[in-house]
Amino acid sequence: MIEILSVLGPASIQDLGRFGQYRFGVGTSGAMDDIALRAGNMLLANDENAAGIEIPMTPFKVRFACDTAFALTGADVGADIGGRAILPWWRSRARAGDVLSLKAMIRGARSYLTVYGGIDVPVVLGSRSTQLRGELGGLHGRSLQPGDILPCASLEAPSCFDELGAEPADVALARPTAPAGDSVVRAVIAGEYDKYGGAAQDLFWRAEWKVTPQSNRYGYRLQGPAVMPISPIEKRSHGIVPGVIQIPPNGQPIIQMRDAQTSGGYPKIATVIEADLWRIAQTGLGGKLRFENTSYADALAAQSEVSAYLDRLRANVRRFGEFRKCR
Amino acid sequence: MTTPNRPRISLLGTTAILFEAPGTFDLPHQRRIWALAATASKWPGIREAIPGITNLMLTFETPPHAVDSLVSALIDGWDDAQEFAIEGREIELPVIYGGEIGSSLQTVADHSGLSVDDVVSIHAAPRYTVFALGSHPGYCYLGGMDPRIAIPRRQTPLQRADGGSVSIGGSQTGVSASPGPSGWHAIGHTTWTFFDPSWPTPAALAPGDTIRFKVGRVIR
Amino acid sequence: MPIDTTDIERLAQILERSGVASIEIEEEALSLRLVMEAGEPTAPSPAYAVQIRPSNEGPIVAKADVAGIFIAAHPWRAKPFVEPGQAIEAGAIVGLVKIGLLYVPVLSPAAGIVDAIVAEAGATVGYGTPIVNVRTAA
């Protein structure tokens with residue numbers, strides 16, 4: 001069991017997402033940085049889809065009610081447990097009564113706390129992910145509050161599970177960054193791209209987009225030059241997915257994220273590739289983003305690169321466990 | 001806005017593909033979309049076939065290496081699609097027009113050049129068909145709204161519109177099942193429950209069902 | 001079991017007979033180095049130089065316990081884990097061994113002051129490779 005001691009902002013329980021429910025208007029939800037969640041679960045030999053806690057703001061504190069193993073992946077949060085510092089992308093042990101403290105968002109924007117066996121909340125429509133809008137999944141369909149007690153699936157982590165780290169995704173999947181360390185995310189042009197003239201398209205690709213404070217799990221609202229179409233566009237409502245970049249009439253793009261509506265009618269200029277959604281998740285409020293025009297084929301290649309990293313990490317953990325004669 | 005006379009097919013990254021049917025926003029076209037959805041949902045690599053308003057989104061279980069064959073399949077599928085007339089249920093929904101939640105009722109009246117009472121009676125007159133579900137859990141997109149009360153979506157979407165709000169966006173109308181962001185103009189509200197994950201089918205309504213709005217009150 | 005002078009004599013004889021030039025023994029509280037010196041073949045007993053250093057006054061060595069690449073600093077941190085002169089506790093992480101995508105921590109076996117980082121960052125290390133020398137507070 002884990003008790004939430006202090007929390008700031010909308011921390012929530014997420015697994016890899018809720019799929020196959022779009023026809024009811026139910027989107028995927030799930031970890032905004034799915035790679036970090038998977039990595040944490042891999043380090044713990046959990047099912048990769050085991051539910052963990054997504055923490056978008058610090059400080060954040062929990063108390064472990066029993067001896068267990070846990071992992072912290074995603075952002076670097078200056079964590080410590082019982083006064084002992086925990087490195088990022090790291091597995092460690094907790095003893096009953098230990099308090100794990102996430103102090104500051106040093107690098108990145110979302111941290112993932114996974115525990116041995118996963119957080120045991122009910123499965124709703126096939127997933128443990130929280131959907132705030134529909135008030136479903138997670139813990140009573142809402143974000144976490146101090147005093148919440150989270151049940152964990154298993155009590156005993158193998159005693160041979162000791163300190164172990166993983167190479168962070170942004171090291172293994174490093175890409176050239178734009179000037180001033182802006183995050184660069186790749187996007188494939190979408191249906192209304194050609195309704196924007198050359199000048200507007202250039203503006204979209206070349207601009208440094210600022211992530212406004214109105215950015216969250218529903219969508220990232222960006223601030224920058226106004227990107228206007230040749231003439232006003234009014235679309236019939238159609239399905240959209242996380243990554244779709246809509247531009248409402250005010251010319252300021254919105255990247256639809258994991259809790260976005262499942263359909264909409266604003267024009268879409270491009271869609272961020274699935275392989276780069278985690279990079280957006282790790283860009284915080286006030287951070288800067290740039291888009292890179294990418295073909296479908298290159299987007300598939302990027303997806304393969306992510307899969308290769310995850311496959312390799314999975315295999316490494318398994319082999320290391322065998323080497324140590326540990327699960 | 002001109003309607004193209006050929007389908008438009010576009011990618012949503014590597015996650016989905018969008019098929020937009022040519023033709024008017026009406027029930028015969030939507031019935032053909034339902035037929036195409038039924039066919040496409042069985043294609044390999046497709047996770048779901050989700051109808052929108054005279055359009056269809058296919059989400060990928062695994063993205064195809066070559067999109068061309070999928071594009072051809074969609075075009076052929078559309079050509080072959082016969083109107084799939086779903087026999088749905090008929091629902092009556094009591095609505096309170098205007099007031100705090102229906103705060104854009106006057107905006108719609110101003111835009112259309114009609115009185116608030118006219119907007120209400122025009123909105124409540126038709127028997128609407130549920131064309132599609134989407135946007136958020138249980139939300140229904142309705143077909144059959146009178147174009148006289150159409151109004152373009154908001155310049156800047158609202159961060160939060162109330163649950164149960166009855167609103168207009170473009171030439172479409174719908175009812176929100178829960179609070180959340182919206183680019184539409186709210187003209188009223190209802191207290192009906194549209195979604196419950198504990199139900200065998202979590203959404204109360206499905207494509208093919210019909211709705212009639214019953215005017216409970218008009219708050220000016 | 002502590003080594004005494006009788007043992008040392010016996011060890012020296014074994015060394016001489018087997019033609020081994022030196023032997024190093026490390027025990028928990030003792031470190032012993034025995035080196036055969038060149039002497040006359042007809043001498044009745046071998047000459048040897050003995051260095052006995054009680055280990056609790058000497059260097060503790062944090063060693064790698066897996067094979068991989070030694071990493072002196074976490075990629076997300078500017079500073080290395082430890083620097084010479086730094087006081088550390090028993091069990092403190094003094095470096096990492098990278099195996100594929102995994103980082104295995106190298107821990108200090110005792111509390112003390114870091115003497116030197118003897119492994120080179122980026123070098124391949126194996127089981128038992130010394131990583132960091134630690135001087136215990138005497």
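Here a biologist asks how terms were assigned in a predicted model, and a modeller answers.

Modeller: In this predicted model, local features need pLDDT of at least 70 and side-chain atom pairs count only at pLDDT 80 or more, while totals for chains, interfaces and linings use all residues. Residues are numbered from 1 along each chain as its sequence is written, and chains are lettered from A and ligands numbered from 1 in the order in which they are written.

Biologist: What makes up the secondary structure of chain A?

Modeller: Five helices and 21 strands. Both are DSSP runs, numbered from the N terminus: H or I over at least four residues for a helix, E over at least two for a strand.

Biologist: Why is chain A called as compact as a globular protein of that length?

Modeller: Its radius of gyration is 20 Å, and the globule rule gives 20 Å for 327 residues, so the description holds. The radius is taken over C-alpha atoms; the rule is 2.2 Å times the number of residues to the power 0.38. Along the principal axes, the C-alpha trace of chain A spans about 65 × 40 × 35 Å.

Biologist: What share of chain A counts as buried?

Modeller: 54% of the 327 residues. Buried means that 20 or more other C-beta atoms lie within 10 Å of the residue's own; exposed means 12 or fewer, and partly exposed lies in between, with C-beta atoms placed from the backbone.

Biologist: What makes β7 and β11 of chain A edge strands?

Modeller: Each pairs on one side only. Two strands pair if DSSP finds at least two bridges between them. The open sheet of six strands runs β7-β6-β9-β4-β1-β11 in chain A, with antiparallel pairing. β7 covers 84-86 and β11 covers 149-150.

Biologist: How do you know that β1(A) and β11(A) pair?

Modeller: They share two bridges, in the antiparallel sense. The definition asks for at least two, so they qualify. E3(A) stands opposite I149(A), and I2(A) stands opposite L150(A). β1(A) also pairs with β4(A), residues 60-64, over four antiparallel bridges. There, I4(A) stands opposite V62(A).

Biologist: What do the domain bounds of chain A rest on?

Modeller: They come from an automatic or database domain assignment. Domain 1 is 2-166 and domain 2 is 179-294. Their C-alpha centres lie 28 Å apart. The contact takes 20 residues from domain 1 and 13 residues from domain 2. On the domain 1 side, α1 (34-43), β5 (68-76) and β10 (107-115) each give two or more residues.

Biologist: What makes residues of chain A and chain C count as in contact?

Modeller: Their C-beta atoms, placed from the backbone, lie within 7 Å. By that test, 17 residues of chain A touch eleven residues of chain C. The largest share of the chain A side, five residues, comes from α5(A).

Biologist: Which classes do the residues on that side of chain A fall into?

Modeller: Ten are nonpolar, two polar and five charged. Nonpolar covers Ala, Val, Leu, Ile, Met, Phe, Trp, Tyr, Cys and Pro; charged covers Asp, Glu, Lys and Arg; the others, Gly among them, are polar.

Biologist: How do you know that β12(A) joins a strand of chain C?

Modeller: Two bridges link β12(A) to β8(C), residues 102-107, and the strands run antiparallel. G165(A) stands opposite Y103(C).

Key
Two residues are in contact if their C-beta atoms, placed from the backbone, lie within 7 Å.
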